Amino acid sequence: MSGFKTTLINCRQCGRRILVRAADAERGSIMCSHVGCGAINELQKLVHYDESIVQGLPEFGQLTYLGNAESSYSLQFGRNVIGTSETCTVRVTRFVHEGRCFISRRHCTLTITFDKWTGQLRYQLQDGAIDDTTHTHHYSLNGTLLNGIPLQKNELIDVDNGGIITLGGVDRFRLTHFPIPPAMLDTYKIELGFNPDRTQ
Ligand SMILES: [Zn+2]
């Protein structure tokens, strides 16, 4: 129980304040000391993780092209614009099918953030991208699909590990998350205090 500070909670039964000490926290419960109450309050640990952990990560996952020739593209933290233009964060090959390429120059945006509550990276997909000179959002010509379902305009959707992103209806990519190792996560854990469990 490193760095534990004495804290106050409200009793789940009488609502009055109870002082929680390290020993109570370790036990996982505390009995209300107020006269006429004596309710047992379960102590649910509330933690989150420090975002500075992302500075030490070796990678942020990748996209793998699921075509004849498999190729992988590394992702970066923050905004990844995917398309065939050299202005993209992830510049993909102009895959040609019967003389046509269906991927737009700036086709879609995959944004990677750190979720401080789960301690894991979050991947969110959106069709189109912001134009860096006009600062307006432009959609792709042929659309973006997630697991076979077309994204609506303005839709921002979470992509699970292994999710399949289809660009222009033809070219498929599999997303591989980078899982933050539990041992590393542990060192960035911040204990916020305790809440009485109200489910009892
Ligand atoms: Zn009480």
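Here are some exercises with worked solutions on this predicted model.

**Exercise 1: overall build**

Work out how many helices and strands the protein chain has, and whether the chain is compact or spread out.

Start with the secondary structure: the protein chain holds 2 helices and 20 strands. Next, take the radius of gyration, which comes to 24 Å. The globule rule gives 16 Å for 200 residues, and the value for this chain is well over that, so the chain is more spread out than a compact globule. Now look at the extents: along the principal axes, the C-alpha trace spans about 80 × 35 × 30 Å. As for burial, 40% of the 200 residues count as buried. Finally, check the contacts with a separation of 6 or more: residues 24 or more positions apart account for 50% of them.

**Exercise 2: the zinc site**

Find which residues coordinate the zinc ion, then settle the geometry of the site.

First, list the donors. They are the SG atoms of Cys11, Cys14, Cys32 and Cys37, sitting at 2.3 to 2.4 Å. Second, go through the angles: the 4 donor atoms subtend 104 to 114° around the zinc ion. Four donors count as tetrahedral if all angles lie between 85 and 135 degrees, so the arrangement is tetrahedral. Third, read the spacing along the chain, which is C-x2-C-x17-C-x4-C.

Now ask where two of these donors sit. Cys11 is in the loop between strand E1 (7–10) and strand E2 (17–20), while Cys37 is in the loop between strand E3 (29–31) and strand E4 (40–49). The two are 26 residues apart, and the pair links distant parts of the chain. To finish, check their accessibility: Cys11 and Cys37 are both buried.

**Exercise 3: the six-stranded sheet**

Trace the strand order in the open sheet of 6 strands and say which strands stand at the edges.

Walk across the sheet and you get E6-E5-E19-E18-E15-E16, with antiparallel pairing. The edge strands are E6 (71–74) and E16 (149–150). Each has a single partner strand, so one side of each is left without a neighbour in the sheet.

Zoom in on one end. Strand E5 (residues 62–65) pairs with E6 in the antiparallel sense over 4 bridges, and Leu63 stands opposite Tyr73 in E6. E5 and E6 also form a hairpin, with 5 residues between them. Then jump to the other end: strand E15 (residues 144–146) runs antiparallel to E16 and is joined to that strand by 2 bridges. Here Leu146 faces Ile149 in E16.

**Exercise 4: the five-stranded sheet**

Do the tracing again for the open sheet of 5 strands, and look at how E7 and E8 run.

The order reads E8-E7-E11-E12-E17, and the pairing is mixed. Strand E8 (90–91) and E17 take the edges; each has a single partner strand, so one side of each lacks a neighbour in the sheet. Strand E7 (residues 78–83) and E8 run parallel, joined by 2 bridges. One residue pair to pick out is Ile82, whose bridge partner in E8 is Val90.

**Exercise 5: salt bridges**

Count the salt bridges, then work out which parts of the chain they tie together.

A bit of background helps: side chains of opposite charge can pair when their charged atoms come close. The cut-off is a side-chain nitrogen of Lys or Arg within 4 Å of a carboxyl oxygen of Asp or Glu, and by this rule there are 5 salt bridges.

Take Asp132 and Arg106, whose side chains meet at 3.8 Å, N to O. Asp132 lies in the loop between strand E13 (129–130) and strand E14 (137–138), and Arg106 in the loop between strand E10 (100–101) and strand E11 (108–115), so this pair ties together parts that are 26 residues apart in sequence. Asp132 is partly exposed at 46% relative accessible area, whereas Arg106 counts as buried at 18%.

Move on to Arg122 and Asp158, with their closest N and O atoms 2.7 Å apart. Arg122 is in strand E12 (residues 120–127) and Asp158 in strand E17 (residues 157–158), so parts 36 residues apart in sequence are tied together. Both ends are partly exposed: Arg122 at 34% and Asp158 at 36%.

Another salt bridge joins Lys189 and Asp186, at 3.9 Å between the closest N and O atoms. Lys189 counts as partly exposed, at 33% relative accessibility. As a last step, look for shared partners: Arg79, Arg106 and Asp132 are joined into one network by salt bridges.

Terms used. Residues numbered from 1 in each chain as written. Predicted model: local features only at pLDDT ≥ 70, side-chain atom pairs only at ≥ 80, totals over all residues. Heavy atoms only, no water. Donors = N, O, S within 2.8 Å, 3.2 Å for Na, K, Ca; no water. Tetrahedral: all angles 85-135°; square planar, octahedral: opposite > 155°, others 65-115°. Buried < 20%, exposed > 50% of the residue type's maximum accessible area, 1.4 Å probe, protein only. Pairing = 2+ DSSP bridges. Rg over C-alpha atoms; globule rule 2.2 N^0.38 Å. Contact = heavy atoms within 4.5 Å.
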